[in-house]
Amino acid sequence: MKSSVEREQILHTLNFYEFDVLVIGGGITGAGIALDAVTRGMSVALVEMQDFAAGTSSRSTKLVHGGLRYLKQLDVKVVAEVGKEREIVYENAVHVTEPEWMLLPFHKKGTFGPISTSAGLKVYDFLAGVKKEERRHMLTPEQTLEKEPLIKSKDLLGGGYYVEYRTDDARLTIEVLKKAMEKGAVCLNYAKAKSFLYSEQNKIIGAEIVDVVKNKRIHIHAKKVVNATGPWVDTVRALDAIDNKKKLKLTKGVHIVMDQSVFPLRQAIYFDAPDKRMIFAIPRDGKTYVGTTDTFFEGNIEHPTATEEDVDYLVNAIHHMFPLVNVSKNQVESTWAGVRPLIYEDGKNPSEISRKDEIWRSEAGLFTIAGGKLTGYRKMAETIVNAISKELGDEQYGPCVTKHITLSGGDIGGADQFEAFIATKAQIAPSYGLTTAEGRSLAKFYGTNVDRVFHYAHILSAMPSTLPLSLLAQVYYAVHEEMAYTPADFLVRRTGMLYFQIAQYKTYKEDILNVMSQLLYYTEQEKNFFQKQLDALLIEATIYESGAAL
C-alpha cells in the first residue's frame with residue numbers, strides 16, 4: 001500500500017490517467033471490487049470520502065459468519081453462499097480471521113429448541129459445506145454448562161456447538177485494499193466524489209473528486225464507475241439519477257465492551273434476548289463484547305452512537321441469559337455503533353429484512369451495489385465485476401481469481417502453518433529491540449507483514465520516544481504502508497484500540513498525535529482538529545447520546 005506521505009503523487013496519477021474502473025467507496029465491498037477487477041487485468045481507481053473502512057466495515061459484530069439466523073427466514077441461498085465463503089476468507093487471511101466455536105444454548109420456550117437446532121445446524125453444515133472436524137455437535141444441559149458455566153441453568157434443554165469465524169472487520173478491509181494496490185490499483189482515502197462527468201451521449205465517464213485533506217479538486221476519468229458506498233448508496237445515486245423504485249432502509253447495530261473481570265465469558269455464545277432477537281457475546285483479548293441491536297435508523301450515518309436505550313437493552317439481555325453476571329451499564333468500557341444498508345422491504349421489521357445484495361445500473365451507466373454482508377464481499381465483487389467485464393468486452397479479461405489470492409500479510413502457507421510462523425517471529429523479535437511477547441502479538445496481528453513492522457522497530461530503537469517501541473513501530477507502519485492519515489485512523493481502524501484497549505487509547509492518544517504530526521507535517525489547524533476528533537471519539541464510545549456517562 002502507498003504511504004500517506006505520497007498523497008500528492010497519488011492525486012496526480014488519479015487526475016491524469018483514464019481507468020477502466022472507478023470504485024467509489026472504500027469499505028469491504030469497494031475493496032473487494034478493486035481487488036477482483038485489478039487481478040483480472042483492469043486498471044482500477046478507488047476513492048473513499050472518509051478513511052478506508054470508516055463506515056459499516058469497521059462497526060460490525062466482527063464475525064465472518066454464515067448467517068444461521070437466515071435459515072429461519074428460509075434464505076437458503078444466502079446461507080449456502082456466504083457459508084462457503086467463510087473458509088475462503090479464512091484461508092486467504094489467517095492473520096485477521098480465525099475459527100471460533102459458537103455455543104447456541106436453548107431453553108424452554110426459547111427461540112430455538114433441541115429438534116429445530118439440531119436440524120437447523122445440520123442443514124447449515126450441509127449448505128455451507130462445513131469440513132468434518134468443524135461440523136456441529138449437540139450438547140446435553142450438563143455439557144452446555146461445562147462449556148460455559150455462566151449460562152442460565154433454569155429450563156436449559158441443551159445446546160448446539162458449531163463453528164463461526166471471528167475477524168477484525170477494519171483490518172480485513174485494509175488487507176484487501178493493500179493487496180489490490182500491490183496488484184496496481186490506485187486507492188485514496190479522504191477523497192470525496194462530488195459529481196459525475198458525462199460524455200456527449202450523457203453517459204458517465206468519471207467523477208469530480210475533492211481531496212478533503214487539502215481541498216483540491218481533480219477529475220478521475222473511467223470507462224465504468226461503481227457506487228459501493230454502503231449507507232451512502234442513495235446519496236451517491238442521487239448525484240446521477242435514482243431511476244428505479246429501490247431504496248435503502250438503514251438499521252443500527254450497537255455493541256458494548258466489558259472487561260473479562262466483569263464478564264468472565266470463556267466461550268462465544270449466540271443467544272436469544274427476552275424479545276427473541278438473537279445476540280452474540282464474544283470473548284476477545286481480555287474483553288467481552290456483546291451485540292448487536294437491530295433498530296431502524298435515521299440519524300447521522302457518519303457518527304452513529306449508542307443510546308442509553310441501546311445499552312440498557314444489551315445489559316438486560318446479559319442479565320437474562322447470564323444471571324450470575326452482575327454487570328451494570330457503568331461497567332461498560334466502550335461501545336460502537338454501525339449502520340447496515342439494507343434494501344427496503346415494505347412491512348418488515350429490522351431483523352426480518354433480507355441481507356441479500358443487488359446490483360443496479362442507471363441509464364447513464366452508473367453501477368450500484370447495495371445490501372449484502374461482510375462474509376459475502378468476495379462473491380459480491382465477483383458478480384459486479386462480471387457485469388463490468390461483459391460491458392468492457394469479456395475477451396480482454398479473465399475470470400475471477402480472488403478465491404485463491406491470499407490477502408496482504410496472508411502469505412503464510414495456509415492455516416496449518418500459522419502457529420509455527422508466529423513462534424518463529426516471536427523468537428527473532430528481540431533482535432529488533434522487541435520482546436518475544438511483543439513479537440508474537442505483532443506476528444499474529446500483521447501476518448507476513450510483521451517483517452516490515454520489525455524493520456521500523458529496528459530503525460526507531462535508538463530514537464527517544466514517549467511511546468513504547470512496539471507501538472511506535474506500528475504508527476510508522478500504518479502511516480507509511482497503510483495510508484493512515486489521522487490519529488483516529490490508527491487508533492480506531494488500524495488497531496481497534498478505542499474499543500478493546502481503551503485505557504491505552506487514553507494514555508497514548510496525545511503522543512500518537514504528536515508522532516503523526518511530525519511524520520505528516522500537520523498544520524496547527526489540522527493538529528487542533530485531530531485533537532478534538534480524538535476527544536470526540538472517546539466521548540462517542542463512552543457516553544450515551546442522552547449524555548449519561550457509562
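In what follows, Ala, Val, Leu, Ile, Met, Phe, Trp, Tyr, Cys and Pro count as nonpolar, Asp, Glu, Lys and Arg as charged, and the others, Gly among them, as polar. The model described here is predicted.

With those classes in hand, the enclosed spaces can be taken up. There are 3 cavities of 30 Å³ or more. The largest cavity has a volume of about 60 Å³. Its lining is made of S58, K62, D168, D169, A170, R284, V492, R493, G496, Y499 and F500. Helices α7, α15 (487-494) and α16 each give two or more residues to this lining. Sorted by class, the lining of the largest cavity holds 5 charged, 4 nonpolar and 2 polar residues.

An open space comes next. The second largest pocket encloses about 1,100 Å³. Its lining consists of 37 residues, and D285, S441, K444, F445 and Q501 are the ones that lie nearest its centre. Two strands, β4 (97-107) and β6 (156-167), give two or more residues each, as do the helices α11 (418-428), α12 (436-446), α14 (469-481), α16 (497-500) and α17 (502-520). Helix α12 gives the largest share of the pocket lining, with 8 residues. By class, the lining of this pocket has 16 nonpolar, 11 charged and 10 polar residues.

Helix α11, one of the elements in the pocket lining, also holds I422. The relative accessibility of I422 is 0%, so this residue counts as buried. Apart from neighbours within four places in sequence, I422 is in contact with R440, A443 and K444. Of these contacts, K444 is also among the residues that lie nearest the centre of the second largest pocket. I422 and Y198 are 224 residues apart along the chain, and their C-alpha atoms are separated by 51 Å.

The nonpolar interior can be followed from its most connected members. The largest nonpolar core has 138 residues, and L14, L22, I33, M42, I220 and M516 touch the most other members. Helix α14 supplies the largest share of this core, 9 residues. Taking L14 as an example, and not counting residues up to four places away in sequence, this residue touches F19, A45, V186, L188, I218, H219 and I220. Another core lies apart from the largest one; it has 30 residues, including L265, I269, V290 and A317.

Charged residues can be buried as well, and two cases show this. The first is K178, which lies in helix α7 (residues 169-182). K178 has a relative accessible area of 3%, and because buried means under 20%, K178 is buried. The side chain of K178 makes a polar contact of 2.8 Å with the side chain of E482. The C-alpha atoms of K178 and M483 are separated by 9.5 Å, although the two residues are 305 residues apart along the chain.

The second case is R378, placed in helix α10 (residues 377-392). R378 has 6% relative accessibility and therefore counts as buried. Its side chain is joined to that of E85 by a polar contact of 3.0 Å, and to that of T402 by a polar contact of 3.1 Å. Leaving aside neighbours within four places in sequence, the residues in contact with R378 are E85, I88, C400, T402 and K403.

The last stop is the backbone. Most residues other than glycine have a negative phi, and most peptide bonds are trans. Three places in this model depart from that pattern. G291 and T292 are joined by a cis peptide bond, with omega about 20 degrees. T292 is found in the loop between β14 (287-291) and β15 (295-296).

Y190 is not a glycine, yet its phi is positive, at about 55 degrees. This residue sits in the loop between β7 (186-188) and β8 (191-198). N215, also not a glycine, has a positive phi of about 60 degrees. N215 is in the loop between β9 (204-211) and β10 (216-227). Are these two loop residues buried or exposed? Y190 has a relative accessible area of 12% and is buried, whereas N215, with a relative accessible area of 62%, is exposed.

Technical notes
Residues are numbered from 1 along each chain as its sequence is written. This is a predicted model: local features need pLDDT of at least 70, side-chain atom pairs count only at pLDDT 80 or more; totals for chains, interfaces and linings use all residues. Side-chain values use heavy atoms; hydrogens and water are left out. On a 1 Å grid over the protein atoms alone, a cavity is a set of points where a 1.4 Å probe fits but cannot get out, and a pocket is an open set with protein on both sides within 12 Å along at least five of seven lines; lining residues have an atom within 4 Å of a point. Grid points are joined across faces, edges and corners, and a volume is the space filled by probe spheres set on the points. Helices (H or I, at least four residues) and strands (E, at least two) are DSSP runs, numbered from the N terminus. Buried means under 20% relative accessible area, exposed over 50%, partly exposed in between (1.4 Å probe, protein chains only). A polar contact is a pair of N or O atoms within 3.5 Å; within protein, one must be able to donate a hydrogen and the other to accept it, and residues adjacent in sequence count only if both atoms are side-chain atoms. A nonpolar core is a set of buried Ala, Val, Leu, Ile, Met, Phe, Trp, Tyr and Cys residues joined through side-chain atoms within 4.5 Å. Contact means heavy atoms within 4.5 Å.
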